[in-house]
Amino acid sequence: MSLAMIGKPMAKSDKRSRPSLYVSLAGAWVILMLLTALFADHLSPFTVTGIDLSHRLVPPVGLGGSLIHPLGTDELGRDVASRLMHSVQISLLVAFGATIISICFGTIVGFMAAHFRGPVEQIILMLIDVQASLPFLIVALSILAFFGNTLALFIGLMGLYNWERNARLARALAISANAQGYAGAVRQLGAHPIRIYFRHILPNTAATLTVTATLSFPEIVLAESGLSFLGLGVQPPLTSLGIMVSYGREYIATAPWLVIAPSLVIVVTTLSISIIGDWLRDTLDPTLR
Amino acid sequence: MFRYLGIRLFRALLSIVLVITFTFMVLRASGDPALQILGPNAQASALEAFRRSWGLDQPLWWQYVSYFLAILRGDLGRSMLNGQSALSVVADRIPMSLALTVPALLINVMLGVSAGVFAALHRDTVVDRAVMMFSVVGFTVPSYVLALALILLFSVEFGVLPSGGSDQALSFVLPVVTLGIGGAATLARFTRSAMIEVLGQLFVTAASAKGVSWGAVVRHHAFKNACIPVLTLLGLMLGGLIAGSVLVENVFGWPGVGQLLIVSVARRDLAVVQVILLLVAATMTAANLVVDILYGIIDPRLRSRPSARG
């Protein structure tokens with residue numbers, strides 16, 4: 001799963017100046033998704049669980065449907081557009097929560113390794129190696145099997161995604177920062193290590209850490225949707241993009257829009273965030289490959 | 001070389017020990033096994049007897065040691081579903097998973113590496129753009145969406161291939177193609193950037209300048225050096241042979257290890273989950289070990305620097 005860190009190789013042209021058309025389009029889509037997530041409760045014309053058995057499997061507009069249900073309805077007559085909005089909300093909530101946990105945890109662990117060195121660092125590096133050698137999906141499934149599933153636990157679990165990559169990066173950044181003058185100067189002045197790391201080293205490495213967080217965000221969206229697709233992630237009555245694809249697949253022959261609409265949202269969203277992540281990386285920190 | 005191998009082997013064993021420790025901790029932290037198996041209404045004396053017979057009344061460190069010894073003996077508990085040995089339940093499914101992942105891995109390597117090398121050699125041409133487009137799609141389209149798209153196209157629209165199950169001769173085609181495309185896309189992207197990086201190095205210029213033919217430069221100088229990062233990725237793919245196709249097996253209803261894992265997680269059949277976790281960890285570690293040895297063979301510099309990687 002750590003494969004996707006391979007950012008999209010970019011032509012070394014004018015990426016530093018202003019965002020290209022792709023980046024602007026990607027940005028517009030991400031903003032649209034964020035607004036949808038924030039205002040899903042006000043925007044959606046129907047509720048997520050609003051069953052209407054007299055209007056089951058109504059096709060979307062353009063395929064014989066009406067404007068009441070622009071994206072059609074599902075097997076229980078629930079409005080696909082409304083469910084899609086709430087799915088975006090939950091999926092982004094999980095991904096944001098997980099990204100924040102992963103970056104905080106990874107940074108703290110990485111800074112600890114850089115600060116203590118010696119045995120502490122060796123143990124942390126060993127844990128990083130073990131985590132890196134296990135596929136996240138398998139680990140996540142095992143933990144869900146042992147502990148059951150709630151939304152809070154699920155977000156915490158997703159927060160484990162990529163922590164080892166963040167920790168490795170934070171450690172390397174802190175080690176090189178420690179060798180620079182400013183950290184040494186503050187240390188000579190008698191500052192507490194916590195102050196050195198979080199008031200001085202963190203702001204100086206924040207750009208790089210932000211870029212990695214952005215690059216791993218789409219991976220977390222994909223991992224969440226995959227687990228939810230298997231029925232082991234977000235649990236009903238909450239809905240997420242993966243759940244919608246999973247439910248829709250039974251009707252793939254008769255009502256393909258149930259699968260196509262959420263799939264497109266997943267693909268376009270992950271693509272957009274990756275484009276923005278690449279652009280951020282090229283703009284803020286070209287050293288990251 | 002032996003020192004290099006020794007360190008690698010030690011680290012591999014260490015990670016296995018860590019994974020076993022992890023499963024032990026998770027197993028103990030997830031609640032009282034006696035309550036879980038006998039249910040909340042069981043009598044106190046029955047609970048006590050259960051705990052004694054499974055050694056749960058022993059001190060924790062002793063439980064850990066005996067857990068470890070049991071695993072070494074190959075005693076991995078029984079499936080709660082039918083009382084069969086968990087190991088044999090999992091082992092029964094492994095050939096089915098390999099039937100998908102081995103052909104898929106071949107597609108990955110053949111298609112991915114050649115597309116990546118070709119794109120790197122023809123940089124900024126139409127072919128290069130097409131390969132890049134393909135690899136971006138491979139990254140952003142999740143495997144289950146790709147699987148459903150293929151079903152929609154080949155099973156629903158054209159009706160030429162079965163959409164699931166494993167009972168027909170052509171059942172394996174769509175799952176293998178799904179896995180093959182996804183992996184090939186990632187590998188192509190990775191190979192392309194590794195090749196481009198190597199082609200920009202001075203030794204490539206030097207080799208061409210001294211009159212080595214371009215084909216030989218690409219084969220002997222560039223490709224061999226670009227192999228090192230690509231091998232890392234291949235190691236991960238090799239480690240996914242047994243349980244790397246969870247989502248695809250689920251979509252196509254393919255009775256492999258991945259499908260077993262999902263069912264066991266849903267039923268909380270902990271013994272089976274634990275066997276799969278250990279099996280995956282062992283495969284991953286073994287694959288990494290093989291890759292490490294290959295590094296040593298391909299790149300003599302790494303033999304003397306055990307900590308350097310990729």
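Me: What makes B:Asp124 count as exposed rather than buried?

Reply: Let's count its neighbours in this predicted model. B:Asp124 has 9 other C-beta atoms within 10 Å. A residue is called exposed if that count is 12 or fewer, so B:Asp124 is exposed. You will find B:Asp124 in the loop between helix 5 and helix 6 (126-140) of chain B. Its phi is positive, about 60 degrees, although B:Asp124 is not a glycine.

Me: And A:Asn162, is that one buried or exposed, and how do you know?

Reply: Use the same kind of count. A:Asn162 has 30 other C-beta atoms within 10 Å. The cut-off for buried is 20 or more, so A:Asn162 is buried. A:Asn162 sits in the loop between helix 5 (151-158) and helix 6 (163-178) of chain A. A:Asn162 is not a glycine either, yet has a positive phi of about 70 degrees. For chain A as a whole, 46% of the 289 residues count as buried.

Me: Why are helix 5 and helix 10 of chain B called oblique to each other?

Reply: Good one to work through! Helix 5 (residues 86-121) and helix 10 (residues 214-239) of chain B pack at an angle of about 140 degrees. Roughly antiparallel needs an angle over 145, and roughly perpendicular covers 65 to 115. An angle of about 140 degrees fits neither range, so the two helices are oblique. Their axes are 12 Å apart, and the crossing is right-handed.

Me: Which residues make that contact?

Reply: From helix 5 of chain B come B:Leu105, B:Asn108, B:Val113, B:Val117 and B:Leu121, while helix 10 of chain B gives B:Val218, B:Phe223, B:Val230 and B:Met237. By class, eight are nonpolar, one is polar and none is charged.

Me: What makes B:Asn108 in that contact polar?

Reply: Asn is in neither the nonpolar list nor the charged list of Asp, Glu, Lys and Arg, so Asn counts as polar.

Me: How many residues of chain A are in contact with chain B?

Reply: There are 38 residues of chain A in contact with 46 residues of chain B. Helix 4 of chain A gives the largest share of chain A's side, nine residues. That side divides into 28 nonpolar, seven polar and three charged residues.

Me: Which secondary structure does chain A have?

Reply: Chain A has 10 helices and zero strands.

Me: Where is the cis peptide bond of A:Pro237?

Reply: The bond runs from A:Pro236 to A:Pro237, with omega near 10 degrees. A:Pro237 lies in the loop between helix 8 and helix 9 (241-248) of chain A.

Conventions
Residues numbered from 1 in each chain as written. Chains lettered and ligands numbered in written order. Predicted model: local features only at pLDDT ≥ 70, side-chain atom pairs only at ≥ 80, totals over all residues. Axes fitted to C-alpha atoms, helices over the stretch in contact; angles between N-to-C directions. Helix = DSSP H or I, 4+ residues; strand = E, 2+ residues; numbered from the N terminus. Parallel < 35°, antiparallel > 145°, perpendicular 65-115°, else oblique. Left-handed = near helix turned anticlockwise from the far one by under 90°. Contact = placed C-beta atoms within 7 Å.
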